[in-house]
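Student: Please walk me through this model, beginning with the overall layout and then moving to the details.

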Amino acid sequence: MSYKKSHIKTKAAAVAGAAVVVLSGAVPQPLISSAHAASAKISVTGSFKTGITLAAGKNAQFGSNAVTDVNGKATISTAGVLAVSKAVKIGGAVQAGSFAFTAVSTVPNVDITVAKLGALTLVATGGGGGPVGTMKLAKITLGGIGAAVTNLLSGGGTTAQKAGYDINALVGPIKVGAQVTWGAVQPIGAFTQQITLTMAY
């Protein structure tokens with residue numbers, strides 16, 4: 001075979017091989033070894049709420065009082081001022097309660113529910129004896145986030161509601177006042193009553 005013929009054959013074979021690679025679209029890839037791979041996990045979390053956040057603040061405190069007659073009441077205002085009817089103040093700190101409050105908007109108005117109103121459980125006091133008689137948590141007063149305070153009355157039940165309360169503040173605190181009452185027997189004893197406040201648009 002002549003040099004010229006041999007050279008043409010070799011050149012044609014090389015061009016044909018290149019054409020096959022180009023026409024097939026195949027690009028050689030190195031092998032990936034999974035022996036050197038790593039993986040990890042994270043969580044994506046969140047929550048969507050009613051637009052109102054509440055948290056406990058200060059406890060409301062009546063201090064120590066002595067009942068002087070039947071059918072009376074004691075009231076703490078949202079400013080922490082104690083007023084007694086048919087009783088006298090004899091000691092202890094008086095304090096309005098509070099809840100921490102945050103809202104995303106002042107519109108629309110909010111619905112408020114307070115639970116655990118009604119009859120109080122009296123227990124013996126350190127130096128005053130008892131328990132004698134009965135008392136009732138008759139009213140919770142809320143202020144500080146609306147144009148006016150609002151009163152939630154037990155009305156004989158343990159839950160009170162206020163629909164459509166007009167708030168004008170996005171951040172609290174909500175100030176909490178309370179009223180306790182007694183009837184035909186002069187009460188002696190101490191009480192602690194935990195109320196639950198719920199607010200929603």
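**Layout of the chain**

Tutor: From the N terminus on, the elements of the protein chain run α-β-β-β-β-β-β-β-β-β-β-β-β-β, where helices are DSSP runs of H or I with at least four residues and strands are runs of E with at least two, numbered from the N terminus. That comes to one helix and 13 strands. This is a predicted model, in which local features need pLDDT of at least 70 and side-chain atom pairs count only at pLDDT 80 or more, while totals for chains, interfaces and linings use all residues. Residues are numbered from 1 along each chain as its sequence is written, and side-chain values use heavy atoms, with hydrogens and water left out.

Student: What share of the 201 residues is buried?

Tutor: Buried residues account for 25% of the 201 residues in the protein chain, with buried meaning under 20% relative accessible area, exposed over 50%, and partly exposed in between (1.4 Å probe, protein chains only).

Student: OK, the sheet with strand 7 in it: in what order do the strands sit?

Tutor: It is an open sheet of three strands in the order 11-7-13, with antiparallel pairing; two strands pair if DSSP finds at least two bridges between them. Strand 11 (159-165) and strand 13 (196-200) are the edge strands, each of them pairing on one side only. Neighbouring strands here are turned by 15° against each other on average, direction ignored, taking axes as lines fitted to C-alpha atoms and angles from 0 to 180 degrees between N-to-C directions.

Student: How many bridges join strand 7 to strand 13, and which residues stand opposite each other?

Tutor: Strand 7 (residues 110-115) is joined to strand 13 by five bridges. Among the facing residues, A115 stands opposite T196, and D111 stands opposite A200. Strand 7 is also joined to strand 11 by five bridges, again antiparallel, and there V114 has A160 as its bridge partner.

Student: And which residues of strand 7 are on the covered face?

Tutor: The covered face of strand 7 consists of V110, I112 and V114, whereas D111, T113 and A115 are on the uncovered one.

Student: Switching to the interior: which residues touch the most others in the largest nonpolar core?

Tutor: I140 and M199 touch the most other members of that core, which has 33 residues; such a core is a set of buried Ala, Val, Leu, Ile, Met, Phe, Trp, Tyr and Cys residues joined through side-chain atoms within 4.5 Å. Strands 3, 6, 7, 9, 11, 12 and 13 each supply at least two residues of this core, and the largest share, five residues, comes from strand 12.

Student: How much space is in the largest pocket, and what lines it?

Tutor: About 1,100 Å³ lies in the largest pocket, and 40 residues line it, with A60, Q61, F62, F191 and T192 nearest its centre. Strand 2 (64-67), strand 5 (87-91), strand 6 (97-103), strand 9 (135-143), strand 12 (174-182) and strand 13 are the elements that give two or more residues to this lining. A pocket is an open set of points on a 1 Å grid over the protein atoms alone where a 1.4 Å probe fits, with protein on both sides within 12 Å along at least five of seven lines, and lining residues have an atom within 4 Å of a point. Points are joined across faces, edges and corners, and the volume is the space filled by probe spheres set on them.

Student: How does that lining divide by polarity?

Tutor: The lining has 24 nonpolar, 15 polar and one charged residue, where Asp, Glu, Lys and Arg count as charged, Ala, Val, Leu, Ile, Met, Phe, Trp, Tyr, Cys and Pro as nonpolar, and the others, Gly among them, as polar.

Student: Now the backbone: where are the cis peptide bonds?

Tutor: One cis bond joins G130 and P131, with omega about 5°, and P131 is in the loop between strand 8 (118-120) and strand 9. Another joins G172 and P173, with omega about 20°, and P173 is in the loop between strand 11 and strand 12.

Student: Why are positive phi values worth a look?

Tutor: Because most residues other than glycine have a negative phi. Here N71 has a positive phi of about 55° in the loop between strand 2 and strand 3 (73-76), and N71 is partly exposed at 48% relative accessible area. K116, with phi near 85°, is in the loop between strand 7 and strand 8 and is partly exposed at 47%.
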